[in-house]
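Thanks for coming. Please have a look at the sequence and the structure, and then I will go through a few sites one at a time.

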Amino acid sequence: MTVAVAGGTAGFGSAVISKRELVVGECLFREGDVAQEAYVIESGSIEIVSGEGVTRTRIALLGPTDIFGEMTLLGDRQRSASAFALAPTRLTVVTHEYLGDRLSEADPMLRHLLRVLIMRSRDLLGHRGGTAAPSPPVDPAGQRDLDSAMARLDLEQALAQALGTGGLELHLQPIIGLARLDVSGFEALLRWNRPGRGWMPPGEFIPVVEHSELMVPLGRWVIREACRVIAQLRRAGAPGLYVAVNLSARQFGDTALLSVVEEALEAEALPADALRLEVTESMLPDNLVAARQLLERCRERGLKVVIDDFGTGYSSLSYLHRFPVDVLKLDRSFIRDMEHEPRLATIVRGVVRLAHELGMETVGEGVETVLQLEALRSLGADHVQGYYFSRALPLAEAEAYLLKGPP
Ligand code: C2E
Ligand code: CA
Ligand code: CA
């Protein structure tokens, strides 16, 4: 008997978890069956046997909480043994689909290791009594996991090296104040000149590094370097300039972050308002308490906090009262679609007004045309940035832009 118990709830995704009940002596599966399920015993007893008649041997006697049949989960392979109930038995069925959902989110290295381990133990069981089996051949899915695991390792190693020996640069995109049409600050955007590959945009390596410890030293490097470059630009004749750096979710776990910030400012004799921290809504939920505390402490020191990509998360408005924020940066998608969707312009006007009433500044990002610029101006935005004014520039070009001023 199979009973569906849960579907699409409690974090089980789309896969259905079901139960199975067996009577005494019932066979669950036989050696050679093609299978896609594993089982966890809730109550009762299961005997795993190989062979039949005179060659029949018991491999295992299993009871509550034991798992079995797991070797088929990673590939659509045959059962290497048979399973019988020795008592009335109740099982939870773990489907291939259920595990597949989980595994697809896992690190490819873990996926690969799991596959290798399962294949090795299958081979060991197959060769029981004989010598150890040779390494199993890798199937196409395994090969893909192995390739991406190796690519990830290579990337992390090369980036760790770049942190020590150079190859990383911050490029600076001007942020324009609409009141006087001048440069009020810059956003620091990371670029990596990877040996043999050329310049890589952050979208190609930040998402990978975010899953590793390397994000912490990388994030610290960005803060120190941002302070260094903004100090140079301030000396070039624009004393009130600020630099906004992007924080990664991982950095909320960096207990030294605040002291890194303070030391970086001090090393360049900069006031706290020279540095702004950009955080996105999507990185906040997982770090609610830690993020809030850290941001509050940064603000007490005089740093401004920017909420980036505003409007792309699920509960943008709730963050406005839950997080200490000074600047609201409207996501590029609003600015891009405003021309064609009049309702968006109404939304932007409302958000700008709300921000002002809460004492926040607003920035419109991704401004590419004069029409978008004029629209944002008429909706009351304070600042804009985007290709219409400039891309992110290397330090020397940013300095030249500063001297010349926006068009
Ligand atoms: P973001 O913080 O939303 O940065 C804005 C991105 O939009 C940048 O891409 C910028 O070059 C691009 N952009 C600016 N103006 C325009 C425009 O008018 N039109 C269009 N289509 N795009 C525009 P970039 O430099 O490739 O950075 C992508 C993302 O990588 C950033 O998104 C940010 O999330 C992340 N990132 C960049 N640098 C760092 C860093 O130092 N640390 C962390 N944690 N993340 C970073
Ligand atoms: Ca940003
Ligand atoms: Ca953004």
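How many ångströms separate a polar side-chain atom of Glu187 from an oxygen atom of ligand 1? The distance is 3.2 Å. Keep in mind that this is a predicted model.

Let me stay with ligand 1. In total, 21 residues surround ligand 1, and the closest are Arg191, Asn246, Arg332, Glu368 and Tyr387. For two of these names I also have a distance. In the side chain of Asn246, an N or O atom is 2.9 Å from an oxygen atom of the ligand. Arg332 has a polar side-chain atom 2.9 Å from an oxygen atom of ligand 1.

Now the metals. Glu187 and Asn246 come up again here, as donors to the calcium ion that is ligand 2. The full set of donors for this ion is Glu187 through OE, Asn246 through OD1, Glu278 through OE and Asp308 through OD, at 2.2 to 2.3 Å. Along the chain, the donors follow the spacing E-x58-N-x31-E-x29-D. Glu187 sits in strand β11, residues 182-194, and Glu278 in strand β14, so this pair ties together parts that are 91 residues apart in sequence.

Are these two glutamates buried or exposed? The cut-off for buried is under 20% relative accessible area. Glu187 has 4% relative accessibility, so Glu187 counts as buried. Glu278 has 2%, so Glu278 is buried too.

The second metal is the calcium ion listed as ligand 3. Its donors are Asp308 (OD), Asp309 (OD) and Glu365, which appears twice through OE, at 2.2 to 2.7 Å. Their spacing along the chain is D-D-x55-E. Which residue coordinates both calcium ions? Asp308 does, and the two ions are 4.0 Å apart. Asp308 is buried, at 6% relative accessibility. Asp309, at 24%, counts as partly exposed.

Next, the open space. The largest pocket holds about 1,000 Å³. It is lined by 38 residues, and the closest to its centre are Glu187, Leu189, Pro202, Asn246 and Asp308. Among them are Glu187, Asn246 and Asp308, which we have just met as donors to ligand 2. Several elements give two or more residues to the pocket lining, including β11, β13, β14 and β15 (304-310), along with the helices α4 (206-209) and α5 (215-235). The largest share, 5 residues, comes from β11. By type, the lining divides into 16 nonpolar, 11 polar and 11 charged residues.

There is also enclosed space. The structure holds 1 cavity of 30 Å³ or more. The largest cavity has about 40 Å³ of space. Its lining is made of Ile175, Tyr242, Ala244, Arg276, Glu278, Val306, Val327, Lys329 and Val363. β13 (242-246), β14 (275-280) and β16 (327-330) are the elements that give two or more residues to that lining. The lining has 6 nonpolar residues, no polar ones and 3 charged ones. Glu278 therefore has two roles in this talk: Glu278 lines the cavity, and its OE coordinates ligand 2, while the residue is buried at 2%.

One last residue, from another part of the chain. Val49 lies in strand β5, residues 46-50. At 1% relative accessibility, Val49 counts as buried. Its C-alpha atom is 5.3 Å from that of Ser82, although the two residues are 33 apart along the chain.

That is the end of my list.

How values were computed:
Residues numbered from 1 in each chain as written. Chains lettered and ligands numbered in written order. Predicted model: local features only at pLDDT ≥ 70, side-chain atom pairs only at ≥ 80, totals over all residues. Heavy atoms only, no water. 1 Å grid on protein atoms, 1.4 Å probe; cavity = no way out; pocket = protein on both sides within 12 Å on 5 of 7 lines; lining within 4 Å. Points joined across faces, edges and corners; volume = space filled by probe spheres on them. Helix = DSSP H or I, 4+ residues; strand = E, 2+ residues; numbered from the N terminus. Nonpolar A, V, L, I, M, F, W, Y, C, P; charged D, E, K, R; others polar. Donors = N, O, S within 2.8 Å, 3.2 Å for Na, K, Ca; no water. Buried < 20%, exposed > 50% of the residue type's maximum accessible area, 1.4 Å probe, protein only. Near = heavy atom within 4 Å. Polar contact = N/O pair within 3.5 Å; in protein donor to acceptor, adjacent residues only side chain to side chain.
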